[in-house]
Amino acid sequence: MTVAQHPVIARGAVLAAGQRSIPWLRIALSILALAVLLYLPFVLQSRVLFGTRLTNMQLLNIGLAQVNLTLIAVVGALSLNFLTGCAGLVSIGHAAFFALGAMGASFAGSQLGLPFLVTLIIAALVGALAGVLAGLPSLRVRGLYFVLSTLAVHFIAAYLFSEFQYAFHDVAGVTMPDAQIGGFELSNGIRWYFFLLPIAFLAYVLFRNTLRFREGRALLAMRDNELAAAAAGIDVRILRLKAFAFSSAIAGIVGALQAYYLTTVSAEFYSLNLAIQFIAMIIIGGMGSLSGSVLGAVVWLLLPALIGGLATELKGSDLALARIIVEHKPQVVNLVFGSLVAILLIYAPDGLAGGWRRIKAWLANRPTGGAS
Amino acid sequence: MLAQFIVSGLALGSIYGLVALGFAVIYKATEVFNFAQGILMVVGAYLAVTATASLDLPLPIAVAFVLGGAALLGIIIQLVLIRPLAGQPILPVIMITIALSIVLKALIEIIYGVTPRSVELPLPTGGFVIGGVRLSQLHLTAAVVSWICMGLFALFFRFTRTGLLMRATADSQEAAVLSGIDVNKVNCAAWAVGSMLAAIGGIFLGKLQLASVDLEHIGLLALPAVVIGGLQSIPGAILGGLLVGVIEQLSSGYISPKSRDVFIYAPLLLILMFRPWGLFGQRELGRV
């Protein structure tokens, strides 16, 4: 048997050749993806693709506003996944940092009259500070008890937000000032899109690089085995606070962006449900996987749109199931969302990203017919 | 005023204590931190709506219907959702109870609609005044029933075979398996009991207010109640419930209804920082 005929070595050679050719493929795909992302908002705005009119159904019922909110949600999901999936700190109080960020930005923008970008930085600072305070119980308690302390933080922040709302605004909610960069106003969906797209991309790169550097590796070590990490010279307590501050600073920015985009947010918006939706996103996408966060947020975008489209199609149908979908759209969305989370937890705990990895691994290792 | 707030706080607190007890039973036996306890309570309230508004059952049969339905639901949850996750870290287990609460909430809104429904159970609704303190009969009934249920479950844990097996399993799952206890059956029993206790709380809260999914928020108060009392301690859960009820009434009465959450969750945070094993629980020692 010559070297080339040996199945294992031959496959190795194929893999090596494959690896050499990958960058071209990847570059081509990246350019294609970039082109799609740049063209997408115009298609959604005009409902026209290369001169052909598209129906709502063909566009999956998605509008530009949903895409923009998803871009914001992507950043939120990234920051929660960093904390929960990568640092192993389960938080069900992430909406608290959204609320505090929005509050900080609103105060800085309306009361102090600071420009838009500065208010985002203030939102990040408020988020980081709140994150350190909320992270303090993590010095004492683990696991379950820590989850509860994030629940407590959620309710306290929700109360602070409602006090803030009634002190400076009215029942309708906190009204944000206009989002302006220099003289350029983010006045329509397309402008917002081209502002949010780089932010989402930057956030992704920021988290990915953080995980590759010293602190990030220490974080993963701490998640996998805290004692071993401590023994290796990592100050786990400081590290936990840092992770918390970093994640909640980003969450603060997310909250501010959300509020600016929606122009008015009320205390009811920051319900426990909001935090739970973000946890559902990272579970659907994949715990501890950054690309999973993006996937999860996209599922979160597509699901209501698809069910909404289905409801429009089914309108007038006499089937009991069809009537339920038409009459209880938001409930059906929640039902599918919750069931999806439960099914994934039982059958694929690493989410869609993990499922995709397993499919790729299976494809790479599947026995090839003629090799032996 | 103070006495009034304390009395109604204790009455409400008895209901919370009952829900919290159900929570503690599930936690002790299966080590599952059940975020769906609040929605299980709501399920109880809506089962009572079905029993009275749709089926028109008399009181004892209606109560049996609610309890049976809740127990069945608890067993289904254990078999379908919790059992497949045995041995997993805490996050998936917590998440599956959160997913469960999302699903149950959606189902309730699909079946019963989004407008709150009234619970038509023929419970006493009048009130009387003792020494300037107004006491509603419904509050009193709720408190008395809660205390009777707590007493019954205490006896159940102390004197019945199933209760003994449940305590043994709570002490150590592995040792229980080794001694030939069918842990799965015990866990089913724990979920049935926990869900039944939540449902009883739900009947009363549904009657005191209206049956709606917003009651879940109140049911979630069982979590701080349990932790303030001590997660491992069943009397602690009851006392925690009473404490939360009184704090709630005092803060709603003297400050504002919105401030309720802060006065309940801020002490929770303090307890977690300085005495994580709760007021009445036993200190868990970490060993390497």
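This passage describes the fold of chain A, its helix H13 and the contact between chains A and B in a predicted model.

Chain A is built from 14 helices and six strands. Its radius of gyration is 23 Å, close to the 21 Å that the globule rule gives for 372 residues, so chain A is as compact as a globular protein of that length. Along the principal axes, the C-alpha atoms of chain A fill a box of roughly 85 × 65 × 50 Å. Of the 372 residues of this chain, 42% count as buried. Contacts in chain A often bridge distant parts of the sequence: among those between residues at least 6 apart, 75% join residues at least 24 apart.

Helix H13 of chain A is a good place to look more closely. This helix covers residues 329-347, and at 1.5 Å a residue its 19 residues should span 27 Å; the end C-alpha atoms are 27 Å apart, which agrees. The buried residues of H13(A) include A:Gln331, A:Asn334, A:Phe337, A:Gly338 and A:Leu345. Within chain A, the buried residues of H13(A) pack against helices H10 (272-285), H11 (290-314), H12 (320-327) and H14 (351-365). They also pack against helices H3 (59-82) and H4 (90-112) of chain B.

Turning to the two chains together, 34 residues of chain B are in contact with 34 residues of chain A. On the chain B side, the elements that give two or more residues are H4, helix H10 (222-229) and helix H12 (260-274). H4(B) provides the largest share, 16 residues. By residue type, the side of chain B that touches chain A divides into 29 nonpolar, one polar and four charged residues.

Terms used
Residues numbered from 1 in each chain as written. Chains lettered and ligands numbered in written order. Predicted model: local features only at pLDDT ≥ 70, side-chain atom pairs only at ≥ 80, totals over all residues. Helix = DSSP H or I, 4+ residues; strand = E, 2+ residues; numbered from the N terminus. Expected span 1.5 Å × (residues − 1). Buried ≥ 20, exposed ≤ 12 C-beta atoms within 10 Å, placed from the backbone. Contact = placed C-beta atoms within 7 Å. Nonpolar A, V, L, I, M, F, W, Y, C, P; charged D, E, K, R; others polar. Rg over C-alpha atoms; globule rule 2.2 N^0.38 Å.
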